[in-house]
Amino acid sequence: MNVGILYSRIRRDEKLLLNELRERDHEVVKVDVRKQRFGLSDPPEDMQDVDVLVDRCLATSRSLYATQFAEAYDIPVVNAAATAEVCANKVKNSIALEQAGVPTPTTDVAFTKDAALESIEDFGYPCVLKPVVGSWGRLMAKIDSRSAAEAILEHKETLGHYEHKVFYIQEFVDKPGRDIRIVAVDGEPVAGMVRSSDHWLTNAAKGAETAEIEITPEMEELVRKASDAVGGGLLGIDLMETGVDDDGNPSGYTVHEVNHTVEFKALNEVTDVDVPARVVDWLESVAGAADTETAEATT
């Protein structure tokens, strides 16, 4: 198998994948998107002979365009451009989850400061304001008062990019100091971890402590439905616990986000599952399915 890795920086996650691929004697082509030129008909030379292309772009814009070009060249790419399009945008992500019947936090979207303030007042305090496009917990605000809301909305309204004028407002979920990240391939869970912090943001990128978690049948069902909602692929599904029973066990979950260029190094460090090995197992199946489709199309 000849695997192309789309990247702009090789992080620990990409090194884990590269090591696993090379240990299995697969050919690997590292495709630095910063150096490529994408024509309308013919792929860049680095991409011409790959059996499957893996999108590991850091920048959302590069990810969205590079995957669309790959599909235009008839190169199998994971994740698909349509999946990237949904997952990269919180509005589209939330709509997809809601339409698929996946429990997800109550959300409003407004396009002016006044309309956004009305939504915030309806939610009550605290509530959460998020950027439409963003990762690692950046530019997220927990709003505790009307004065804070007015100040934050004014700042966003005066920022240059049009996306700052799309106000994505969400209920504050009173989770038990942690959330849950599950990495899955086409809806099948690989492994999961809890991310715990005293801060209301529990992203690993924000310094949250991580530990393995046993994936329950309820979590597994939510992961499958969330994956299907966004088109499947190699995904990170983020869940929050919404309550506990009399014994202190979780009594419900909400899916607040699905990530399409998921990082898994932290998960690999806390679980007994060999995460990169499972990912490469899946990539081999994707490439094999693509070869079968090509063979059938030519007979």
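**Group meeting: a pocket and a four-stranded sheet**

Hi everyone, let's start with a pocket: the second largest one here has a volume of about 340 Å³. Its lining is made up of 16 residues, and those closest to the pocket's centre are T60, V133, H161, Y162 and E163. Please keep in mind as we go that this is a predicted model.

Which helix gives the most to that lining? That would be helix 2, residues 60–72, with three residues. If you sort the lining by class, you get seven nonpolar residues, five polar and four charged.

Now, on to the sheet. Four strands make it up, it is open, and the order across it is 5-8-6-7, with antiparallel pairing. Strand 5 (107–110) and strand 7 (141–143) are the edge strands; each has a single partner, so one side of each has no neighbour in the sheet. Going from one strand to the next, the twist averages 25°.

Let's walk across, strand by strand. Strand 5 pairs with strand 8 through four bridges, in the antiparallel sense. If you want a spot to click on, take A110, whose bridge partner in strand 8 is F167. Strand 8 is also joined to strand 6 by four bridges, and these two run antiparallel. Here you can look at L129, which has I169 of strand 8 as its bridge partner. Last comes strand 6, residues 127–130, joined to strand 7 by three bridges, again antiparallel. On that side, V128 has K142 in strand 7 as its bridge partner.

So what packs on this sheet? Helix 4, residues 90–99, does, and it touches strand 5, strand 6 and strand 8 (167–171). The direction of helix 4 makes about 45° with that of strand 8. Then there is helix 6, residues 146–158, lying across strand 6, strand 7 and strand 8. Helix 6 runs at about 145° to strand 7.

One more stop, and it is strand 8 again. How many of the five residues of strand 8 are buried? Four of them are, and therefore the strand is largely enclosed by the rest of the structure. As background for anyone browsing the side chains, in a regular strand they alternate between the two faces of the sheet.

To recap for your notes: strand 8 has bridges to strand 5 and to strand 6, and both helix 4 and helix 6 meet it. Thanks for listening, and I'm happy to turn the model around on screen for anyone who wants another look!

Definitions and conventions. Residues numbered from 1 in each chain as written. Predicted model: local features only at pLDDT ≥ 70, side-chain atom pairs only at ≥ 80, totals over all residues. Heavy atoms only, no water. Pairing = 2+ DSSP bridges. Axes fitted to C-alpha atoms, helices over the stretch in contact; angles between N-to-C directions. Contact = heavy atoms within 4.5 Å. Buried < 20%, exposed > 50% of the residue type's maximum accessible area, 1.4 Å probe, protein only. 1 Å grid on protein atoms, 1.4 Å probe; cavity = no way out; pocket = protein on both sides within 12 Å on 5 of 7 lines; lining within 4 Å. Points joined across faces, edges and corners; volume = space filled by probe spheres on them. Nonpolar A, V, L, I, M, F, W, Y, C, P; charged D, E, K, R; others polar.
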